[in-house]
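Work through the following exercises with the sequence and the model at hand, and compare each step with the solution given below the task.

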Amino acid sequence: MLVFLTLVLAAVTALWLYAVYRQPTPAAQGIDLADNDSKLTRQHAVWIIGGGLVFPTVSMLILLAVSIPVGNLMSGLPSEADQALRIQVTAHQWRWQIDYLDGTSDNNLASTQNALHIPVNAPVHLYLSSADVIHSFWVPRLAGKLDMIPGRTNELRIQADEPGVYPGLCAEFCGLAHATMRFAVHVHSRDDFNQWIDSQRQQVDTVRLELLQGEVPSGE
Amino acid sequence: MENDVDAGNPQSSARSAQLNADGLALQLQRTWANPSGWGALAAVSHGTVGLRFMLTGTAFFLVGGVLAMLMRSQLAVPENTLLDAAQYNQFFTMHGTVMMFLFAIPVLEGMAMYLIPKMTGARDLLFPRLSAFGYYCYLFGGLIILASLFTGVAPDTGWFMYTPLSDANYSPGPGPDFWLLGITFVEISAVSAGVELTVSILRSKAPGMTLKSMPIFCWYILAMALMIVFGFPPLILASILLELERATGMPFFSVSGGSDPLLWQHLFWLFGHPEVYIIFLPAAGVVSTLIPVFAGRPLIGYGWVVFSIVLIGFISFGLWVHHMFTVGIPQFAQAFFSVASMLVAIPTAVQLFSWLATLWSGRVVFALPMLWLSGFLVIFVCGGLTGVMLALVPFNWQVHDTHFVVAHMHYVLVGGMFFPLIAGLYYWLPHFSGRMPSYMLGRWAFWLTFIGFNLTFLLMHLTGLRGMPRRIYTYETGMGWDWLNLLSSVGGFVMAAGIAMIIVDVAVHFRFGPRATRNPWNAGTLEWAMPMPPAPYNFVSIPTITNRYPMWTDSNLPASTEAGEHWLADASHGRRETLCTTALTGMPVSVIHLSGNSWLPLWAALAMSALCLSLLAGAYWLALAATLGASAILLRWSWVNGVHRDAAPLSNDETTELPLHSRTVEGPGLWAMVVTLMANATFFLSLVFGWLYFRTVSPQRIIPAEIRVDMAILLFSGALLLLAYGLYNNAVRRIRDGQGAGLQGRLMVVLFCGLIQNGCLVWVMVTSPLQVFDLTHDALVLFLLMYLSFHSLLCWILTALQLLRVRRAYVGVELPYELIVLRPLWIYSTAVFWVGMALFFGLPLAWPAS
């Protein structure tokens with residue numbers, strides 16, 4: 001795409017410069033200046049219809065032909081939601097709250113802040129929302145950006161092919177600390193991920209239990 | 001004054017013709033001159049006001065430029081501490097706001113206001129006081145917005161003001177209020193310029209100048225003016241709603257009342273995308289005007305270019321969603337807007353190849369303006385191509401809100417608007433200074449600007465592709481952005497140096513530039529028929545024009561115009577006059593009597609700034625007083641209009657065979673009323689859009705089970721309105737037929753019905769148990785009622801004013817014009833009432849909420 005468009009730019013510029021510096025043929029003389037209905041001559045019709053109509057239409061059809069399959073590749077990850085891990089991401093000014101949902105019910109398995117843990121080579125279904133203003137979820141190496149809008153939930157499916165840490169950020173201006181509203185996606189091997197979520201789950205259960213038994217200091 | 005009288009005449013008659021022409025010019029000068037000293041503030045001439053627009057716009061441009069330099073300094077190195085986050089957010093918000101609203105649009109409007117009458121053979125724009133009023137609204141609105149910058153409370157939520165970041169919860173400071181009120185104030189100026197330019201182009205062309213033979217520039221400006229008329233009202237509505245939400249808590253956009261923040265984005269971009277073409281079209285008009293001049297031959301494919309201008313105008317209203325590809329809209333909608341966005345490439349390419357063909361077949365003189373046009377070509381084509389890339393949705397998901405978009409947008413706006421603007425500046429500079437610019441300095445200025453610009457923004461594409469988001473005040477080192485940002489900043493300063501050099505060039509040319517001969521570029525259009533600098537009345541007499549390049553086909557045109565050989569060569573009556581012609585064919589039908597210098601525009605704009613400031617301060621009683629003051633001034637304005645009996649007496653000095661427009665039943669005022677109502681209808685349709693969006697799309701909508709306004713009284717009020725309209729219409733029809741008897745009585749009955757009708761509406765608003773602070777639904781209903789009430793009141797007041805004028809005999813059987821001008825307002829107010837009833841109360845009955 002880039003090469004093609006660069007060629008277009010170069011060609012148009014070259015035509016312009018040539019048109020400016022060329023010596024016109026004598027045929028250009030003898031125009032009837034008082035004629036308000038002048039029909040295009042054959043040569044001019046080639047310019048305007050060929051260059052103005054046919055050329056952009058054909059170019060754009062080619063571009064669309066190339067880009068539609070790419071678009072389908074990017075957005076068309078398999079959508080069996082049951083098998084995918086489901087994660088709720090809620091943006092706040094200026095942090096990311098991440099809740100890992102149970103496979104069937106919407107029970108919270110675990111929660112993290114500013115860190116999204118996912119297994120490698122597995123589809124992950126994200127529910128994106130916002131608790132205050134509009135933010136936008138973007139992990140450049142995993143997917144295009146998708147806005148997080150209060151009152152709405154947008155769904156995004158991602159899949160990472162390599163373990164590692166992928167930087168993510170807020171891509172919609174959201175106020176004072178927008179520039180530093182970052183997070184990291186930690187991609188683990190399947191086993192590491194299971195281990196991690198189990199440990200998280202135990203912590204959550206412990207906290208729940210303590211809450212039930214009233215053993216957590218109430219803050220006084 | 002220069003005068004080359006035809007050498008063929010015998011000497012003595014040449015001398016007496018010369019004396020006559022000089023006498024005529026003197027009379028015209030007396031009639032049309034601006035007052036001097038402080039009185040100059042009361043000047044209304046389009047030349048003066050146009051220049052004021054452009055100079056003020058330049059001053060705002062420099063402010064916006066300084067903000068850009070501060071931002072580039074901050075971003076030059078990673079983790080810089082020159083600016084903090086709060087300052088940076090204010091600066092990028094203000095940079096966008098100032099460049100868009102206070103520089104680009106007003107400067108182009110100013111250029112159009114200056115040039116259009118001179119190109120079409122008119123002596124002034126058709127509503128001179130409105131020009132001046134528009135200028136003062138712009139000036140005061142701009143100063144109010146700037147004041148927030150210098151007091152450190154500038155808006156900091158981006159020039160797009162997305163809710164809920166810009167609402168009272170998340171932006172409790174006064175910044176967004178400054179933006180919403182100030183910009184709305186500036187938009188009054190844009191819309192009034194839009195109306196005025198539309199009507200002036202259509203109705204005051206020289207005799208014989210048809211739509212087909214008017215200069216191509218006029219087509220561009222006509223398209224721009226109509227796009228302003230249809231494009232700005234959605235933003236005006238959105239700004240009013242958001243300001244109401246901020247000030248009173250009516251939840252027009254907030255989820256708590258059941259609304260959706262995306263409604264703001266739709267309304268904003270419904271304005272925001274046409275806005276890009278509002279900026280691009282006049283600049284492209286400069287290109288289409290200059291290229292034939294420097295190629296020395298007519299523009300090839302005039303008809304095709306006109307068609308592509310109209311096409312761009314239409315398509316640009318169907319693209320707004322491409323600013324919202326990442327909000328999570330359905331895929332088929334994305335595909336639709338993606339293809340629509342690419343379609344714009346076709347009319348743009350038609351123009352491009354028309355320019356190329358014109359250059360190809362002409363013998364090109366490579367003067368300074370051509371250099372800037374070449375710069376325009378390279379940058380704009382590049383920006384257009386990245387635009388095609390951005391229209392591809394999957395690519396957009398990656399680079400949306402990165403520096404790639406920043407680069408694209410600057411290529412389109414600076415390339416598409418700034419470069420042609422400077423080409424136009426150098427081209428028309430001799431027209432108002434009478435001197436030629438220096439090729440040497442001008443060339444340096446061009447290359448500095450061109451190289452600086454590309455250094456800054458070409459690299460910025462790469463910065464964006466490497467993932468640097470927009471609107472961040474700092475970044476960490478090691479992301480691969482460091483050297484790119486540093487070079488971009490260096491480039492920014494090189495470009496600033498280039499712009500400084502343009503300013504120096506223009507400034508010194510007033511002193512040292514060589515004197516320009518008449519029509520120095522050998523142009524074909526009428527504005528070069530006048531001496532330079534031009535007289536305030538433009539033409540001593542108005543020539544008949546039969547083709548697109550009158551200066552090429554009639555070498556005697558300047559002389560015969562000045563010798564008073566054409567239309568309206570008489571100023572002994574002391575009236576400011578220009579010709580009114582038919583829109584399509586340019587047949588002269590009447591003489592328009594224009595209003596002269598006036599202080600009213602300044603007073604009106606001052607009263608409205610007082611309103612704006614008191615709203616900012618939350619002093620609502622003061623605001624009410626300012627509103628009453630502004631209304632009183634505006635009513636006074638319409639009382640002393642050009643049709644005033646004392647100013648244009650029904651007397652025996654009407655020597656031309658054409659009647660004054662106030663004696664006719666069809667004139668520019670009627671057209672302006674209709675165009676204004678088109679803007680108004682767009683405002684109303686935006687409200688309807690908001691209402692339907694709320695009822696069908698908003699995911700958290702809350703819709704009360706039953707209608708909670710008193711429908712009986714509301715419908716009674718509507719019936720009375722219909723009755724009043726019918727009676728008014730009848731009175732107008734009778735007076736058109738020459739029956740003046742009983743006119744006062746009829747108007748009194750109209751007023752009586754109107755009074756009860758207004759009372760009913762107010763009663764409904766006051767007594768209905770609407771929860772306007774809790775429910776979006778109810779807030780929208782109340783807003784509709786206020787809108788209807790405002791129109792009923794306006795009809796009532798203006799009709800009452802007409803009754804007074806009938807009593808004074810300023811309006812009557814021989815002067816029916818004003819009553820006819822008012823009629824469309826009655827039709828509109830009645831129609832909008834019943835459409836509102838049907839959509840807000842009827843539709844929910846037929847189609848209950850889900």
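**Exercise 1: the first sheet of chain A**

Task: Determine in which sense strand β1 of chain A and strand β5 of chain A pair, and over how many bridges.

Solution: Strand β1 (residues 85–92) and strand β5 (residues 124–130) of chain A pair in the parallel sense over seven bridges, where two strands count as paired if DSSP finds at least two bridges between them. Helices (H or I, at least four residues) and strands (E, at least two) are DSSP runs, numbered from the N terminus. Within this pairing, A:Gln88 stands opposite A:Tyr127 of β5(A). This is a predicted model, in which local features need pLDDT of at least 70 and side-chain atom pairs count only at pLDDT 80 or more, whereas totals for chains, interfaces and linings use all residues. Residues are numbered from 1 along each chain as its sequence is written, and chains are lettered from A and ligands numbered from 1 in the order in which they are written.

The next step is to place the pair in its sheet. In chain A, five strands form an open sheet with mixed pairing, in the order β3-β2-β1-β5-β8. Its edge strands are β3 (108–113) and β8 (154–158) of chain A, each of which pairs on one side only. From one strand to the next, the twist averages 25°, with angles taken from 0 to 180 degrees between N-to-C directions and axes being lines fitted to C-alpha atoms, for helices over the stretch in contact.

**Exercise 2: the sheet that contains β9(A)**

Task: Find the strands to which β9(A) is joined, beginning with the bridges to β6(A) and going on to β10(A).

Solution: Strand β6 (residues 135–138) and strand β9 (residues 164–170) of chain A run antiparallel and are joined by two bridges, and A:Phe137 has A:Cys170 of β9(A) as its bridge partner. β9(A) also pairs with strand β10 (residues 182–188) of chain A, in the antiparallel sense and over six bridges; here A:Val165 stands opposite A:His186 of β10(A).

These pairings belong to an open sheet of five strands in chain A, with the order β4-β10-β9-β6-β7 and mixed pairing. The edge strands, each pairing on one side only, are β4 (115–119) and β7 of chain A. Neighbouring strands of this sheet are turned against each other by 25° on average, direction ignored.

**Exercise 3: helix packing in chain B**

Task: Decide whether α11(B) and α14(B) are roughly parallel or roughly antiparallel to each other, and then examine α2(B) with α3(B).

Solution: Two packed helices are described by the angle between their axes and the distance between the axes. Helix α11 (residues 368–391) and helix α14 (residues 439–465) of chain B pack at an angle of about 10°, with their axes 9 Å apart. α11(B) and α14(B) are therefore roughly parallel to each other, since angles under 35 degrees count as roughly parallel, over 145 as roughly antiparallel, 65 to 115 as roughly perpendicular and the rest as oblique. Residues that make the contact include B:Trp372 and B:Ile379 of α11(B), and B:Phe446 and B:Phe450 of α14(B).

For the other pair, the axes of helix α2 (residues 46–75) and helix α3 (residues 85–120) of chain B come within 7 Å and cross at roughly 155°, which makes α2(B) roughly antiparallel to α3(B). The crossing in which α2(B) passes α3(B) is left-handed, meaning that the near helix is turned anticlockwise from the far one by less than a right angle, as against clockwise for a right-handed crossing.

**Exercise 4: chain B as a whole and the contact between the chains**

Task: State how many helices and strands chain B has, and which element supplies the largest share of the side of chain A that touches chain B.

Solution: Chain B has 24 helices and two strands. Its radius of gyration is 28 Å, close to the 29 Å that the globule rule gives for 850 residues, so chain B is as compact as a globular protein of that length; the radius is taken over C-alpha atoms, and the rule is 2.2 Å times the number of residues to the power 0.38.

The contact between the chains takes 56 residues from chain A and 68 residues from chain B, two residues being in contact if their C-beta atoms, placed from the backbone, lie within 7 Å. On the side of chain A that touches chain B, the largest share, 15 residues, comes from α2(A).
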